[in-house]
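Biologist: Before we begin, could you take me through the reasoning behind the terms you use for this protein?
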Amino acid sequence: MLLTINGADYEVEAPEDMPLLWVLRDLLDIKGPKFGCGVAACGSCTVLVDGEPVRSCSYPASAVEGEVTTIEGIAQGDVLHRVQEAWIEHNVPQCGYCQSGQILAAVALLEQTPRPTDEDIDLAMTNLCRCGTYPRIRAAIKTASGQEG
Ligand code: FES
Ligand code: FES
């Protein structure tokens, strides 16, 4: 199958039912998306498919239509995405394990809703964080959206 990931094309030989996360991490060595629960519950494996957040542990790579974006693909060269900048400003990560998925979920939210309310954030940000960084995530999203964070 042919996959476009972070602007590059990859021809991948994989079983039809292989989850996208396996293809990314094990076949292509793209290690930003993390394995957590494996059942689409935690969001640590979140990537974007044509801008939509997808839990790649439970999404067959063969079902992908459109471009895949991982955490490795959201900066422009040395220029970080504004969500990444806000994450640094608010010192969001603790252990960091969930954060690539959190950031991609936030990027997707801000594409859909440029100035999200607390309720918009609660509805969109269903990724789990065992370190409890939720208040900082909320503040960083507010900052990235140009609101007081
Ligand atoms: S590892 Fe995919 S949602 Fe938890
Ligand atoms: S920062 Fe540790 S799980 Fe979220």
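Modeller: What follows is a short set of questions about a predicted model, each answered by setting a value against its definition.

Biologist: What makes β1 and β2 a pair of strands?

Modeller: Pairing requires at least two bridges between the strands, and 4 bridges join β1, residues 2-5, to β2, residues 8-11, so the two count as paired. They run antiparallel, and one of the partnerships links L2 to E11 in β2. Between the strands of this hairpin there are 2 residues, and N6 takes a positive phi near 50°.

Biologist: How do you know which parts of the protein belong to domain 1 and domain 2?

Modeller: The bounds come from the domain assignment, which gives 2-69 for domain 1 and 82-145 for domain 2. Taken over C-alpha atoms, the centres of domain 1 and domain 2 are separated by 21 Å.

Biologist: Why are domain 1 and domain 2 said to be in contact?

Modeller: Contact asks for heavy atoms within 4.5 Å, and because 17 residues of domain 1 and 11 residues of domain 2 satisfy that cut-off, the two domains are said to be in contact. The area buried between domain 1 and domain 2 is about 940 Å², with 55% of it given by carbon and sulfur atoms. On the side of domain 1 that touches domain 2, β3 (46-49) and β4 (52-55) each supply at least two residues, and by class this side has 7 nonpolar, 7 polar and 3 charged residues.

Biologist: How many salt bridges does the rule find across the interface of domain 1 and domain 2?

Modeller: The rule finds 0 salt bridges there, whereas 7 residue pairs are in polar contact across the interface of domain 1 and domain 2.

Terms used. Residues are numbered from 1 along each chain as its sequence is written. Chains are lettered from A and ligands numbered from 1 in the order in which they are written. This is a predicted model: local features need pLDDT of at least 70, side-chain atom pairs count only at pLDDT 80 or more; totals for chains, interfaces and linings use all residues. Side-chain values use heavy atoms; hydrogens and water are left out. Domain bounds come from an automatic or database domain assignment. Buried area is the accessible area (1.4 Å probe) that two parts lose on being put together, summed over both. A salt bridge is a side-chain nitrogen of Lys or Arg within 4 Å of a carboxyl oxygen of Asp or Glu. A polar contact is a pair of N or O atoms within 3.5 Å; within protein, one must be able to donate a hydrogen and the other to accept it, and residues adjacent in sequence count only if both atoms are side-chain atoms. Ala, Val, Leu, Ile, Met, Phe, Trp, Tyr, Cys and Pro count as nonpolar, Asp, Glu, Lys and Arg as charged, and the others, Gly among them, as polar.
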